[in-house]
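Trainee: Could you take one part of this model and go through it closely for me? I would like to follow how the helices pack against one another.

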Amino acid sequence: MITRNELMQVFRGRGDTDVGYLEAHSTRFLNTYHHFDSCWDRNAGTRMLDIGAHWLHQSAVFSLGGYQVTATDVPITFGSESVQSVAESLGIELVSYTDLSANGSLSAIASDSMSVVLMAEIIEHITFNPDRKSVV
């Protein structure tokens with residue numbers, strides 16, 4: 001069981017991360033992980049793509065839980081030394097994109113290399129339909 005303390009320890013002393021935001025939302029991050037993990041059959045895979053990972057708060061929880069996380073976000077976020085430090089310490093691969101709505105924005109990731117796609121921290125920011133095929 002991953003604890004709030006364990007999660008907070010990952011980010012303590014790393015600089016840029018918004019620790020106040022992490023403290024305020026850590027229960028949600030942990031609940032998301034515990035709910036998902038209790039329903040997911042790990043035999044189906046543990047490769048997770050976290051789209052819109054920002055400071056890696058949710059990515060860190062899944063990494064601590066044994067998932068192999070590839071995190072995506074805009075270059076300015078992943079240029080942060082604290083984000084790079086957290087990613088390196090947890091083995092999180094960072095892939096940046098400049099325009100998520102553009103075709104090929106995630107082309108650096110093989111099309112069937114992930115078991116799960118997580119968009120827990122971005123959905124409210126999407127201003128386009130990510131599934132253009134469903135648009136009538």
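Mentor: Of the 136 residues in this protein, 40% count as buried, and since we are looking at a predicted model, every value below is computed from its coordinates. The protein has five helices and four strands, which follow one another along the sequence in the pattern α-α-β-α-β-α-α-β-β. Let us concentrate on helix 2, residues 19–39, and its two partners described here.

Helix 1, residues 4–11, packs on helix 2 at an angle of about 140°, the two axes lying 10 Å apart, and the crossing is right-handed. On the side of helix 1 the contact involves Arg4, Leu7, Met8 and Phe11, and on the side of helix 2 it involves Val19, Leu22, Glu23, Ser26 and Leu30; by class, these residues are six nonpolar, one polar and two charged.

Helix 3, residues 57–64, packs against helix 2 at about 45°, with an axis separation of 9 Å, and these two helices are therefore oblique to each other. Their crossing is again right-handed. Here helix 2 contributes Tyr21, Leu22, Phe29, Leu30, Thr32, Tyr33 and Phe36, which meet His57, Gln58, Val61 and Phe62 of helix 3, and this contact has eight nonpolar residues, three polar ones and no charged ones.

Leu22 and Leu30 of helix 2 take part in both contacts. For the protein as a whole, residues 24 or more positions apart account for 59% of the contacts with a separation of 6 or more.

Definitions and conventions: Residues numbered from 1 in each chain as written. Predicted model: local features only at pLDDT ≥ 70, side-chain atom pairs only at ≥ 80, totals over all residues. Heavy atoms only, no water. Axes fitted to C-alpha atoms, helices over the stretch in contact; angles between N-to-C directions. Left-handed = near helix turned anticlockwise from the far one by under 90°. Contact = heavy atoms within 4.5 Å. Nonpolar A, V, L, I, M, F, W, Y, C, P; charged D, E, K, R; others polar. Buried < 20%, exposed > 50% of the residue type's maximum accessible area, 1.4 Å probe, protein only. Parallel < 35°, antiparallel > 145°, perpendicular 65-115°, else oblique.
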